[in-house]
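Here are some notes for a first look at this model. Please keep the structure open while reading.

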Amino acid sequence: MKIADLGDIKIHYADEGDPQGAPIVFANSLGTDFRLWDKIVPQLPAGLRVIRYDKRGHGLSEVKPAPYSMGTLVSDAEKLMDHLGVKDALFVGLSIGGMIAQGLSVKRPDLVRAVVISNSGAKIGTKEMWDDRIAAVRAGGIAALADAIMDRWFAKPFHATEEFHAWRNMLLATPVEGYVGCSAAIAGTDFYTPTSSLRIPALGIAGADDGSTPPDLVRETVDLIPGSRFELIRKAGHLPCVEQPEDYARILNDFIKGTGHV
């Protein structure tokens with residue numbers, strides 16, 4: 001286990017692969033930790049430096065009182081990469097991680113040379129929707145929303161697997177302050193204008209059955225970036241890297257090779 005003391009927050013991360021290799025950074029979704037990428041990392045091209053981290057309030061990272069701002073979450077990623085001496089990375093973000101990816105790409109172009117916006121959007125939902133979810137979690141814990149969240153996360157066939165229960169448990173184990181804090185960050189974010197300024201290689205990945213960030217939202221977001229690509233994964237919801245890891249890894253690896261990031 002590795003902890004980076006970034007001054008105002010301690011962040012849990014993994015730094016694997018070739019220390020001298022081209023860096024790839026993964027940012028996970030709301031209610032998950034960096035194990036989200038466990039099925040993808042072994043399928044990556046050899047020679048990469050692979051960095052994953054738990055955003056604040058999740059996994060083994062420090063939990064600060066809610067609310068959080070998206071600027072703070074972007075700053076956490078920025079400070080971690082500076083701490084690790086990482087520049088010119090390919091940054092892969094899923095859901096809120098995809099929002100962090102957009103914000104970081106705009107703020108620090110020296111850190112991000114190519115971006116993957118997976119199951120995410122420039123804006124996700126409405127402030128009122130997120131305020132309602134925050135109130136529900138404050139009143140009844142994450143369990144109050146767990147069934148609805150799992151329906152958005154996974155296509156129906158996956159609900160019958162043993163692995164489904166592990167992901168539900170991961171969601172339930174998320175600290176309330178972390179979940180609420182990051183929900184507030186999403187609620188306050190609209191990246192349509194900043195993201196439209198990006199001029200870097202970009203890939204959008206969507207799950208056909210995603211109830212959180214539908215394919216049209218992902219496509220609309222990556223279409224803001226000239227020359228971007230969009231890929232749809234069938235039989236997958238909000239976390240296609242879990243449900244269809246072979247398809248996800250194939251799409252990601254094609255993008256990695258296409259950008260010369262090897």
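1. Start with helix 2, residues 96–107. Helix 2 lies across four strands: strand 3 (23–27), strand 4, strand 5 (89–94) and strand 6 (112–118). Relative to strand 5, helix 2 runs at about 145 degrees. Bear in mind that this is a predicted model.

2. Now turn to helix 10, residues 245–258. Helix 10 lies across strand 3, strand 5, strand 6, strand 7 (202–207) and strand 8. Its direction is at about 165 degrees to strand 8.

3. What is the order of the strands in the sheet? The sheet is open, has 8 strands and follows the order 1-2-4-3-5-6-7-8. Its pairing is mixed. Strand 1 (2–5) and strand 8 (229–233) stand at the edges. Each has a single partner strand, so one side of each has no neighbour in the sheet. From one strand to the next, the twist averages 25 degrees.

4. Look at one pairing in detail. Strands of a sheet pair through backbone hydrogen bonds, either parallel or antiparallel. Strand 2 (residues 10–17) and strand 4 (residues 49–53) run antiparallel, joined by 5 bridges. Opposite Glu-16 stands Val-50 in strand 4.

5. Finally, check Asp-76. Where is Asp-76 placed? Asp-76 sits in helix 1, residues 70–84. Is Asp-76 buried or exposed? The relative accessible area of Asp-76 is 4%. Buried means under 20%, so Asp-76 counts as buried. Setting aside neighbours within four places in sequence, Asp-76 is in contact with Leu-6, Ile-9 and Arg-56.

Note on methods: Residues are numbered from 1 along each chain as its sequence is written. This is a predicted model: local features need pLDDT of at least 70, side-chain atom pairs count only at pLDDT 80 or more; totals for chains, interfaces and linings use all residues. Side-chain values use heavy atoms; hydrogens and water are left out. Helices (H or I, at least four residues) and strands (E, at least two) are DSSP runs, numbered from the N terminus. Buried means under 20% relative accessible area, exposed over 50%, partly exposed in between (1.4 Å probe, protein chains only). Contact means heavy atoms within 4.5 Å. Two strands pair if DSSP finds at least two bridges between them. Axes are lines fitted to C-alpha atoms, for helices over the stretch in contact, and angles run from 0 to 180 degrees between N-to-C directions.
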